[in-house]
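Grab the viewer and work through a few exercises. Each one sets a task and then walks through a solution.

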Amino acid sequence: MIRLIEDLTEDRTAALLLQGYAWLPDARRRAGDGEAVRTRLLGRPAVALHGPGAVRFFYDESHVRRTGALPGPVLDTLFGRGAVHTLDGAEHRARKALFVARLTDPAAVASLVEHAGAAWRTAFAAPARREAVLFDEAALVLARAVRDWAGLPYDDTQVRGLARDCVAMVDGFATPGPRHLRARRARARQEEFLADAVGKARATVMSAEDTPFGAVVRHRGADGAPLDLHTAAVELLNIARPAIAVAWFVAFAGHALHRWPGTRERLREDGSGAYATAFAHEVRRFYPFVPFVGGLAARDLEWHGERIPEGALVLLDVYGQNHDPALWPGPYRFDPERFLSRPPDPDVLIPQGGGDVRTGHRCPGEDITVAVLAALSGALARQEWTVPPQDLRIPLRRVPTAPRSGFRIALRPV
Ligand code: HEM
């Protein structure tokens, strides 16, 4: 049943900003762990769902639409205006095919993993290097890897700007104030750079190159027309930005290796890569990154006998589901073993959304994320480093969050 959690005339946007990841799970606890909770957010009635059945319900396109669902401040920082995230129906499918074809092909995934491994080795090769902030290092490694893999036209100086700006876009999307302004400026800068690059590529032979960049340059939508320069830039950033955002998970992987040293031993001995993959899944489940995803009720709906009016905000509680004791025995225990005997159920493990990757809005970068995270976690486990005193707290009020120090490592035993 759906429980009322608070006075429905009161908008809870401020509570969300204040409580961060704890907001929905907390609301759910107060509601008595029912099937869903009702609240108000962004001036609309909202209902938050969780559980595998809710995942199937939420990702049914006849139930939840995306057009008009994402607030302007999120589009102007995280995703970009006109992004694939905001489309429905035939238009969404045509645009989504561009991502799915390029990002889920096993050879393409393996190639990006190779680029990431090479960039990682270069970054840590300098013998005089004594210290690194893992989060910053990973963002730069991933920016270089995605540039080389996707054929993005950044030189070695510009790629540092790409790393910085993509981190800023993710860091500032959910918070008003200076972080948000930084995110807006970062997006404007990168959209301008990439729109210009797409325009130049269309005028030259470069557009024929078989890279993700070339594919976006040449892509034609459901109406048969090429993407306008701005939309092409937005979608290129929808490849580069989340690939760089895997840095959040790499920093969490470092945290896990430090906190549970047994996992470091297991990763070092992991010949087949099976443990590294299980470790990557557990990092994605255990650590907080995406709090929830949302859309608008496409029509009057019913969920477990309760009415959800057309136009209401429908939220899927990602963080809550990934820590639900009904789905995960000992949800606050970091335990890669839970993924060793069988692969995750795609409706249960949803750190990157649920449903079908081709027809719905599930993240097309999931295979890439798991493969790159597994490879870099293995590389990190095999390196020699120690953890100097620092602030390793991961504040749940901050969205997105990370170890406060960025996870600083000393590269020689201290
Ligand atoms: C850092 C790890 C990542 C996380 C936590 C993540 C999370 C997500 C989530 C929650 C969604 C939205 C699901 C929904 O709206 O229902 C999504 C969509 C998307 N992701 Fe990822 N993602 C990650 C990595 C990647 C990577 C590496 C790429 C590409 C290289 C990527 C590209 C996309 C795209 C293009 C969409 C839009 C899909 C659509 O609307 O149909 N993501 N991701």
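The exercises below go from the ligand to the aromatic rings, the acidic residues and the backbone. Keep in mind that this is a predicted model.

**Exercise 1. Find the protein donor of the iron atom of the ligand, and say where its residue sits.**

Solution.
- Step 1: Look for a protein N, O or S atom within 2.8 Å of the metal, the cut-off for a donor here.
- Step 2: The search turns up SG of Cys 363, at 2.3 Å from the iron, and this is the only protein donor.
- Step 3: Now place Cys 363 in the fold: it belongs to the loop between helix 14 (318-321) and helix 15 (366-382).

**Exercise 2. Describe the shell around the ligand: how many residues surround the ligand, what classes are they, and which helix gives the largest share?**

Solution.
- Step 1: Count the neighbours. There are 28 residues around the ligand, and the closest are Tyr 59, Arg 66, His 92, His 361 and Cys 363.
- Step 2: Sort them by class, and you get 17 nonpolar, nine polar and two charged residues.
- Step 3: Ask which helices supply at least two residues each; helix 5 (89-103), helix 11 (229-259) and helix 15 do so. Helix 11 gives the largest share, with seven residues.

**Exercise 3. Work out how far the ligand's oxygen and nitrogen atoms are from N or O atoms in the side chains of His 92, Lys 96 and Gln 352.**

Solution.
- Step 1: Start with His 92, whose side chain has an N or O atom 2.7 Å from a ligand oxygen.
- Step 2: Go on to Lys 96; here an N or O atom of the side chain is 2.9 Å from an oxygen atom of the ligand.
- Step 3: Finish with Gln 352, where the partner on the ligand is a nitrogen atom, 3.4 Å from a side-chain N or O.

**Exercise 4. Classify the ring pair of Phe 279 and Phe 334, and say which parts of the chain the pair ties together.**

Solution.
- Step 1: Get the overall tally, which comes to 18 aromatic pairs.
- Step 2: Check the geometry of this pair. The ring centres are 5.6 Å apart and the planes make an angle of 75°. Planes over 60 degrees apart count as edge-to-face, and that is the label for Phe 279 and Phe 334.
- Step 3: Locate the partners. Phe 279 is in helix 13 (residues 274-286) and Phe 334 is in the loop between helix 14 and helix 15, so the pair ties together parts that lie 55 residues apart in sequence.
- Step 4: Add the surroundings: Phe 279 and Phe 334 are both buried, and they belong to one aromatic cluster with Phe 252, Trp 260, Phe 286 and Tyr 287.

**Exercise 5. Identify the rings that Arg 264 and Arg 129 lie over.**

Solution.
- Step 1: Take Arg 264; its charged end is over the ring of Trp 385, 3.9 Å from the centre.
- Step 2: Take Arg 129, which lies over the face of Phe 124 at 5.9 Å from the ring centre.

**Exercise 6. Decide for Glu 235 and for Asp 156: buried or exposed?**

Solution.
- Step 1: Find Glu 235 in helix 11. Its relative accessible area is 0%, so Glu 235 is buried.
- Step 2: Look for its partner: the Glu 235 side chain reaches the backbone nitrogen of Val 84 at 2.8 Å.
- Step 3: Turn to Asp 156, in helix 8 (residues 156-171). Its relative accessibility is 52%, so Asp 156 counts as exposed.
- Step 4: Check its contacts. The side chains of Asp 156 and Arg 147 share a polar contact of 2.8 Å.

**Exercise 7. Explain what is unusual about the backbone at Phe 407, His 304 and Pro 400.**

Solution.
- Step 1: Recall the background. Most residues other than glycine have a negative phi, and most peptide bonds are trans.
- Step 2: Inspect Phe 407, in the loop between helix 15 and strand 10. Phi is positive there, about 70°, and the residue is buried at 0% relative accessibility.
- Step 3: Move to His 304, between strand 7 (301-303) and strand 8 (306-308). Its phi is also positive, near 50°, but His 304 is partly exposed at 46%.
- Step 4: End at the peptide bond joining Val 399 and Pro 400, which is cis with omega about -10°. Pro 400 is in the loop between helix 15 and strand 10 (408-410).

Methods: Residues numbered from 1 in each chain as written. Predicted model: local features only at pLDDT ≥ 70, side-chain atom pairs only at ≥ 80, totals over all residues. Heavy atoms only, no water. Donors = N, O, S within 2.8 Å, 3.2 Å for Na, K, Ca; no water. Helix = DSSP H or I, 4+ residues; strand = E, 2+ residues; numbered from the N terminus. Phe/Tyr/Trp six-rings, centres within 6.5 Å; stacked < 30°, edge-to-face > 60°. Buried < 20%, exposed > 50% of the residue type's maximum accessible area, 1.4 Å probe, protein only. Lys NZ or Arg CZ within 6 Å of the ring centre and 35° of its normal. Near = heavy atom within 4 Å. Polar contact = N/O pair within 3.5 Å; in protein donor to acceptor, adjacent residues only side chain to side chain. Nonpolar A, V, L, I, M, F, W, Y, C, P; charged D, E, K, R; others polar.
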